Each structure stands twice: as structure tokens, then as C-alpha cells.
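Please open the model in your viewer and keep the selection panel at hand. This tour proceeds from one selection to the next and describes what is found at each stop.

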Amino acid sequence: MLNKDGGIDEYVYAVDQQSISLADALWLCSSIFSKHKSKKDNKKIFLFTNNDEPHSKFSNKQKQAEKRIGDLQDGNVSIFLFPIGEAFDTSKVYQELLMSNEYGSILSGSMTADELLSKICRKGQKKRPVANLVFNVDSNTKFGVKLYNLIRPAPTPKRMQLDKRTNEIVKSVTTKFNAETAETLLPSELMKSTIVSGEKVRLDKNDLTSLKSKFAVGFTLLGFKPIEKLKFHLYLSPASFIYPDEDLVKGSRVLFGVLMDRCQVRGFAPLCILKCTAATKPRIVALLPNAEQDPEQPSVFGFHVIYLPFLNDVRKFNYGDLVGSTLVLKDERKYVPEVWRADRGQIDAAVAIVKKLSSKTSYTPAQFEDPALHTKWKTLEGLALGREDVESVDDLALPDCDCIDRRLGQRSTIFSDLVFPLGYQSRNFQASILTPRDPQHEATVEDAARNGWLDKMKVDILKGYLSNQGVHGVSKMKKAECIQNIKLHLNLK
């Protein structure tokens, strides 16, 4: 069995099938759980087997196993059965045996190691709720919900500072002192302040507590809004998910189910004030009923929590400063700025590029792995195994430029010529690429072309020469393409 440090303490095995007792295995798991009293741990049992009938029905071993499963169920232990092989028949023993297993499940049979590892990784992730909150419909009606974060950045191993001499962990201690007297200050002697109109306003602990206690912790219903009124540009942060919590308030599933059913039928989303803890700021959220149906998984029962911005969160900007504008005389009285807009030819050229590069498949996170995270794990693996070279990780998020060039063809050149005509220079234009005309400089490039050592010159100089000669699309050219275009321009083979 694995210990808390990841090592193996002991293991047991059965000599023959008749000596296998599922109840004894479950009892051993229960005794291991009893040694760890942490309330934050998720207790799970993964049962791997290719034997669909470890003992016959209505036998003493099955009765003992049913009793052990009931005891584990009372201790909030999840049991997941991983059948190995497509011919595994769960109806013989395990379907009836794990019928009362509310937190666990019986998975489909696995034929390959990759498929089995994928299921283990999916079930091994902690599904701990962020908070258990009360949903206040009004002053008299409330029910309990669990708040989950379905999307969050994958954490990397934490870095710790070690003493270079002894390799021991170094603990940091912060001491605050008065800058004028160098006297050490205690936490009770400190106050916080904020600057308002150039003046410091002092706030003690009671003032801060009163400011944070204006809103009740949990969800407070404000009203309802049609789902089509929620605009995509109001997206603020990744959504969370809520699920009814029967342990917090009895009858929560009934009220939650009625609210979700009515919202789905009528197409409305509840608007609420959300405050996760007493120290966090209140947020305005919209609750979208989960309408996605995955044929391979049971339907998820809950609301998606969509975070909405406040007035001060929305930034205003001037389109004229963004794309540029020109002063135009209006009504023969005053000049007003007129924002530059694309004409029909430029729009059609951009639409052609978008259609050509549009993906026919939807985005799936499973296709893209975090290269920084995998590189770090590969580095740690190489150090642990004493390898000299670290295995490289492919960055799947990098674009395939050659494939893009083949699919676009001349569409990108047409778009560049329409949007950036000959002689156009943007405000962010690089002087190193588009250099002013210099007869001596151009003569150097031409001499290098005739003598056959263009490959020894910098690509910026080659691009600058082509730009001064009026060649389009220079910014996307590679060095070999620049050399070829210079030879064509000078009629050289």
C-alpha cells in the first residue's frame, strides 16, 4: 500500500481466486482512511479488476462486502470501479453491490493502457467545492449550493528557498518598523489608510469589517433577465458552476430543480449578488442553466455562474485614436474628425483570409498541452533520473506558418496591397527595415548580388533594399525569398 510520502509500506496478494475477499480489501482501505483525520481530503477507492464475479451472489462474502460498502458510504468515501476488458459483465455482482454508492460510479471497460490512464487522471482530480453557500431567494426562502471552478490554471511545483550549505528549507520572517525611529511595530500598532483627493484617510480594523459586511455571504437574488440579453462582450472571467447542497439545507435539490426547470423553459437567467467569503468583494453574476447534453456522460444538473462587470469595469476608448482619423470640414463651419473606415475591397480581402483559415472543428483543450508546465516536469524528471539531456516538448500552440502560406496563397499579398499601398508608412514603422534611400547603401547590396555573397548580409538590409525599390510584401519574406527577389529585380540568375 502507498504511504503519504508516495512509498510502499506493504502489499498483499491472493494465492487463488477462492481466497479473494472484497470485504477484506475494503476493510483495509477503511483502516487506512481512519489514520488520516484531515477533513479536506477526498477519500476515493479505485477498484481495478478483470474478474466480473469475485464471488457468487447471495453468499456470505457478498453480504460482508455490502456491509463494508455501506460503512464507507457513511464516511463519504467514493468507490470507482475500473473494469478491464470489454467482455466485463457488471450485472453479475458489481452493479447490485455498488448500487448504494452515491459518490462513486462504474466506468466502461478499458482495453488499452492509455484509455485506463486517462480515466484514472480524470477521476483522480480533486472536485473540492470552492465554497458551500446559501442561495437567498428572499428573506424566508433559501437553499444550499456548492460552488465549483471548472477552469483554473494548472499549478506548477512550488519553488522553495534552500540553504546552500545544509540544503535545508529557509523560512522567511517579515518585521515591520518605523522608518523614522527604527522601532519595531506590533500588528496591533498598525493601521491602514487610503488616499482620497490627495488626503490620507485612516481605517482601523472595525471600519474595514463594517465595509465588508454590507452584503450577506452567498447568493442574493436580484431578479431575472432574458438569456438573449446577455452579450458576449460582457465576459469578465471564467465561469464557475453551482450544484445543490442537500447537507447544508434540507430540500435544496427540490428548490434548485424547480428554479432550473423554469429558467430553461422560459429562457431566463437569474441575476444575483455573489459573495464567496466575508473578506471578498461582492460580484454581479448571471446564472445560465446547463443545457449541454453529452451522449457519453449523464446530464449535469446545475447553473453556470457568469461573472458580469460593474460600471467602472467597462473601459471606454476613442475609435479615432485606435484606427486614426482625418479632419473634415462639416457644414462649412468647423472641422470634425472622421474615422478611417475600410472600403468594400479591403473587407472582401479580409473575409477571404478568414474563410480560408477558419477551422472546421471546434476548439478542444485536450489538443493543446501547456508547454511551460510540461517542460518543467521534464526537467525535474531528467534531474531525478540523472539524465544529461532534457527531453524536448513540442509547443502545439505555435502556428504552422508553412501550412498557412499554402492555404492563403496570394490572398495575404492582395490584402497587404489594399490596406498598405505603395509608400504607406505606419506610426510604428521600423526604421531598421524600411530605410531611407541611400545610393551608397543600395550600391553595396547590388555589388553583393553580382558577386554572389548576398547570403552573408543581414536580412534587415535586404528587406530595406526591396522596400525602397517598391516591392510589396517584404515584411513576411524570409531571407531566401529576399535574395531571390533581389536577383529578379536586377535580372540576375
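Begin by selecting strand 11 (residues 283-289) together with strand 12 (residues 303-308): the two run antiparallel and are joined by 6 bridges. The model in view is a predicted one. Within this pair, display Leu288, which stands opposite His304 in strand 12.

Next, widen the selection to the barrel to which these strands belong. In which order do the strands close into a barrel? The order is 4-5-9-12-11-10-8, a ring of 7 strands with mixed pairing. From one strand to the next, the twist averages 40°.

Now add helix 6 (residues 252-266). This helix lies across strand 4 (131-136), strand 5 (142-149), strand 8 (218-226), strand 9 (240-244), strand 10 (268-275), strand 11 and strand 12. Relative to strand 5, helix 6 runs at about 75°.

For the last stop, select helix 8 (residues 344-357) and helix 11 (residues 411-419). Their axes come within 9 Å and cross at roughly 155°. Because angles over 145 degrees count as roughly antiparallel, helix 8 is roughly antiparallel to helix 11. The crossing of helix 8 past helix 11 is left-handed.

Finally, show the side chains where these helices meet. Which residues of helix 8 meet helix 11? They are Gly345, Gln346, Ala349, Ala350, Ala352, Ile353 and Lys356. On the helix 11 side, select Arg411, Ser412, Phe415, Leu418 and Val419. Colouring the contact of helix 8 with helix 11 by residue class gives 7 nonpolar, 3 polar and 2 charged residues.

Terms used:
Residues numbered from 1 in each chain as written. Predicted model: local features only at pLDDT ≥ 70, side-chain atom pairs only at ≥ 80, totals over all residues. Heavy atoms only, no water. Axes fitted to C-alpha atoms, helices over the stretch in contact; angles between N-to-C directions. Helix = DSSP H or I, 4+ residues; strand = E, 2+ residues; numbered from the N terminus. Parallel < 35°, antiparallel > 145°, perpendicular 65-115°, else oblique. Left-handed = near helix turned anticlockwise from the far one by under 90°. Contact = heavy atoms within 4.5 Å. Nonpolar A, V, L, I, M, F, W, Y, C, P; charged D, E, K, R; others polar. Pairing = 2+ DSSP bridges.
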